[in-house]
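Hi there,

Here is the model I promised to pass on. Have a look at it first, and my notes come after.

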Protein chains: 2
Amino acid sequence: MDTAPRPGLRERKKRRTRDALVRTALELFVANGYERTTVDEIAGAVDVSQRTFFRYFASKEEAAFAVQELVEAHFLEAVRRRPPHEPPLTALRRAVLASWDTIGEAIETVVPMELHMRAFRLIESTPALLAAHLGRQEGLEEELARTVAEREGLDVDADPRPRVTVALFGGVMRLAARSWGAGHDFSATAMRGLTASYLDQMELALAEDWRTRGEHAPGHSRK
Amino acid sequence: MDTAPRPGLRERKKRRTRDALVRTALELFVANGYERTTVDEIAGAVDVSQRTFFRYFASKEEAAFAVQELVEAHFLEAVRRRPPHEPPLTALRRAVLASWDTIGEAIETVVPMELHMRAFRLIESTPALLAAHLGRQEGLEEELARTVAEREGLDVDADPRPRVTVALFGGVMRLAARSWGAGHDFSATAMRGLTASYLDQMELALAEDWRTRGEHAPGHSRK
DNA sequence: AGGTTAGTGACAGTCGCTGACAGTTGACAA
DNA sequence: TTGTCAACTGTCAGCGACTGTCACTAACCT
């Protein structure tokens, strides 16, 4: 590996401009809402032309997801790092939990954690952004399915299990993220807890009859 | 019930205009692609002003999903009609399968089946539309979760099982729809078969170790 | 028939986004 | 150091989605 000697002035400048755009965009989005923030405002605040903004991001939306992109790549990497003998769901589970512990630093190189979390809430509560988010997640799931299939030595298109597994896992993860965003505890610990607890619910939810026995999740009574 | 004596001329005219817009929009989308079709073209073809188009649909996107809306409502209705003693997943499964058998007529009152199916493929293959589709599905899943919770006498926000169940179910349904759209057999029978086979995969995918035994789904050879 | 009101068209304007062209400034060699 | 080249950028012009406004027509109601 030799991919980090000195980026060169041009590269550094570009990186600075990009980070400033992301940061400013998120700040304005969070402060005034996504749709009420114009690209001209963002570009103006960073003192570049609107045209330049669109040279860095294909769309206003793309700027909103710049940090998410980091998180997703980080998680995917964590999955690929799991030892191949682990069963698929176990590998996925450990990868998420592990990646929550280390993603913080990567994020902080671009924007403060606080801002990222507020941006996440905004994504969840803005229909247009939520739709885009789900679309991105579908793309991630496709990559995950391929990764899982490769681990197990299967053909993704012939054996449905990799995609099914990833779809189930992804659905549950969305629920965890959603309740994280809806709550008030934005710590990584809280996210870990929610993740684990939702994953534990998977088998319970598939049970035939929910009414034969009252107890299911510890601490959850029937209200 | 008394909701169908005579709609009145005004209503009938409105309905006709709307149907014409939907039909024309889908035809143009399918023929030329979604983004390459302008609202002006659609409005022009139906001989109304662009402004009028936007009085019927909040966005170009909304016109693309007018028929999907019907399908979703139909399915939701089918779920609500299931006898309350059925376990949640059983009720969901039977509701989908049942609704595929009867949705055809409802669709044909607006557009020919063939057109609807082509439009569905277009949605799956156009990123912007796919994202919107996933966003809509999330909304549907929320309603489903509430319905399931009510059947079981639970509080959606206190007990995670309704949302988890619906998320798992929804994820699998998306896979079935996706492979339906990717294939060549557009019959309702094909959709039924895919739906059933993917649902059957749910438990198998959750199995600990996929490598202890080679066989998994009956009729699914490793091709 | 005559007043009310829903539905429409015409027009102007905002915002996201793109192509074309020209000016500026790092990178790199002479 | 200097000159050339390529990368980045700003300016401008334009398209398409979408919205507010206002006047006009036609269905509705009495």
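Below is what I found around one DNA strand and in one helix.

First, the conventions. This is a predicted model, in which local features need pLDDT of at least 70, side-chain atom pairs count only at pLDDT 80 or more, and totals for chains, interfaces and linings use all residues. Residues are numbered from 1 along each chain as its sequence is written, chains are lettered from A and ligands numbered from 1 in the order in which they are written, and side-chain values use heavy atoms, with hydrogens and water left out.

DNA strand D is surrounded by 23 residues (near means a heavy atom within 4 Å). The closest are A:K14, A:T52, A:R55, B:R51 and B:K60. Of the strand's atoms that come within 4 Å of the protein, 56% belong to sugar and phosphate.

Three polar contacts (N or O atoms within 3.5 Å) may interest you:
- A:K14 places a polar side-chain atom 2.6 Å from a phosphate oxygen of strand D.
- A:S49 does so at 2.8 Å, also to a phosphate oxygen.
- B:R51 has a side-chain N or O atom 2.7 Å from a base oxygen.

Now for helix α7 of chain B, residues 113–125 (helices are DSSP runs of H or I, at least four residues). Its buried residues (under 20% relative accessible area, 1.4 Å probe, protein chains only) include B:L115, B:M117, B:F120 and B:I123. The buried residues of α7(B) pack against α1, α4, α5, α6, α8 and α9 of chain B (contact means heavy atoms within 4.5 Å).

Best wishes

Definitions and conventions. A polar contact is a pair of N or O atoms within 3.5 Å; within protein, one must be able to donate a hydrogen and the other to accept it, and residues adjacent in sequence count only if both atoms are side-chain atoms. Buried means under 20% relative accessible area, exposed over 50%, partly exposed in between (1.4 Å probe, protein chains only). Helices (H or I, at least four residues) and strands (E, at least two) are DSSP runs, numbered from the N terminus.
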